[in-house]
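Let's take a walk through this structure together, starting from its interior and working outwards. Please have the sequence and the model open side by side.

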Amino acid sequence: MGYPNDLLSTRAIIQHGRYALIPPEGRVKNVLPNLEQCNVSIIASPHYGPQFAMYTVEVLPGGGTVQPFQEEGIETFVYCMSGRGKVTVKGEEYSVDESGYVFAPASLEMSLRNESDEPWKLLLYKQRYRAVDGHEARVVVARLNDMPDEAYDGMENVRIKNLLPSDLGFDVNFHTLSFYPGGCHPFIETHVQEHGLYLLEGEGVYLIDDHWIPVKKEDFIWFGPYVPQACYGVGRTPFTYIYTKDCNRDIQL
């Protein structure tokens, strides 16, 4: 990267236990023992508040997992932002290209391999599963670009896609929201669920707690419980992000 061209500055904002904005500038590469030929940045972890872990992973040609991602009680989700590669879960291999994703229920192994000539860019998510008697999750494989969207809360210029089933076997879901020019949330949300947002395209202005902050493609935002949040899409293109949402579980006291 070399010498800086100006005074050092950052758009990153970290409020431990409440929220975070982590832009791509300033992220560092992390070495994970079960990955080879991969550029990895850890963008969410319990170290500052989230109850999950999220990574950006650039799998270089010939790279992937040395040992599968597999931890007792941990569920795993991977989303492809660009490129193509192979994801293996429970011995079944899936080809995953742009907008493709795979969800592996708790304790199942997930392996990654890039056999192409181009980098394979992924979002990787891990969370401890909260079981409910009589219900269980299952492997889900799909491609976002092949899915229909629907109006969000009756607003035609805000579109939503649901990536995982809504039944009680799942304690997390992933959605995408796309705000076309003029689109915004219908109200300022204040709720118990935490969110991890990764911005896939466009630009917006996001209310994070009590600050309206410009955000753009490749930014990551984490909202802790009860942090006020809402956004406006700005610019001439859709403003789209993929986000996590814990669901289907009661409060543990």
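Which residues line the largest cavity? Before we get there, please keep in mind that this is a predicted model. The lining is made up of M54, F77, L123, F174, G196, Y198, I242, Y243 and T244. The space they surround amounts to about 50 Å³. Two elements each give two or more residues to this lining, namely β15 (195-201) and β20 (239-246). Of the contributors, β20 gives the most, with three residues. Sorted by class, the lining has seven nonpolar residues, two polar ones and no charged ones.

The whole structure holds two cavities of 30 Å³ or more, so let's visit the other one as well. The second largest cavity has a volume of about 30 Å³. Around it you will find F69, Q70, E71, I74, T76, L108 and K126. Charged residues do appear in this lining: the classes come to three nonpolar, two polar and two charged.

Now let's turn to the aromatic rings. There are 13 aromatic pairs in the model. One of them joins Y125 and F174 in an edge-to-face arrangement, with 4.9 Å from centre to centre and 90 degrees between the planes. Y125 belongs to strand β10 (residues 120-128) and F174 to strand β14 (residues 172-179), so this contact ties together parts that lie 49 residues apart in sequence. Are these two rings buried or exposed? Y125 has a relative accessibility of 2% and counts as buried, and F174, at 3%, counts as buried too. You have met F174 before, in the lining of the largest cavity.

A second pair to look at is F239 with Y241, also edge-to-face, with 5.8 Å between the ring centres and an angle of 70 degrees between the planes. Both F239 and Y241 are buried. They are part of a wider group, too: ring pairs link F179, Y206, F223, F239, Y241 and Y243 into a cluster. Y243 brings us back to the largest cavity, since this residue is also named in its lining.

Next, a look at the cysteines. How many disulfides does a search of the whole structure find? The count is zero. For C184, the reason is distance: the closest cysteine sulfur, in C231, is 8.0 Å away, which is too far for a bond. A disulfide would need the two sulfur atoms within 2.5 Å. The surroundings of these cysteines can be described as well: C184 is partly exposed, at 21% relative accessibility, whereas C231 is buried, with a relative accessible area of 2%.

From here we can move to the open spaces. The largest pocket has a volume of about 810 Å³. Its lining counts 33 residues, and those nearest the centre are M81, Y198, L200, K217 and E218. Several strands give two or more residues to this lining: β3 (35-44), β4 (52-65), β5 (74-82), β13 (155-162), β14 and β15. The largest share comes from β15, with four residues. Y198 is worth a second glance, as this residue lies near the centre of the pocket and is also part of the lining of the largest cavity. By class, the pocket lining has 13 nonpolar, nine polar and 11 charged residues.

The second largest pocket has a volume of about 570 Å³. Among the 17 residues that line it, R130, D246, R249, D250 and I251 are the closest to its centre. The classes here are five nonpolar, six polar and six charged.

Let's finish with a piece of backbone. Strand β6 (residues 84-89) and strand β7 (residues 92-97) pair in the antiparallel sense over six bridges. Within this pairing, G85 stands opposite V96 in β7. Two residues lie between the strands of this hairpin, and K90 there takes a positive phi near 55 degrees. As you follow the strands in the viewer, one general point may help: in a regular strand the side chains alternate between the two faces of the sheet.

How values were computed: Residues are numbered from 1 along each chain as its sequence is written. This is a predicted model: local features need pLDDT of at least 70, side-chain atom pairs count only at pLDDT 80 or more; totals for chains, interfaces and linings use all residues. Side-chain values use heavy atoms; hydrogens and water are left out. Two strands pair if DSSP finds at least two bridges between them. Rings of Phe, Tyr and Trp (its six-membered ring) pair if their centres lie within 6.5 Å; planes under 30 degrees apart count as stacked, over 60 as edge-to-face and the rest as tilted. Buried means under 20% relative accessible area, exposed over 50%, partly exposed in between (1.4 Å probe, protein chains only). On a 1 Å grid over the protein atoms alone, a cavity is a set of points where a 1.4 Å probe fits but cannot get out, and a pocket is an open set with protein on both sides within 12 Å along at least five of seven lines; lining residues have an atom within 4 Å of a point. Grid points are joined across faces, edges and corners, and a volume is the space filled by probe spheres set on the points. Ala, Val, Leu, Ile, Met, Phe, Trp, Tyr, Cys and Pro count as nonpolar, Asp, Glu, Lys and Arg as charged, and the others, Gly among them, as polar.
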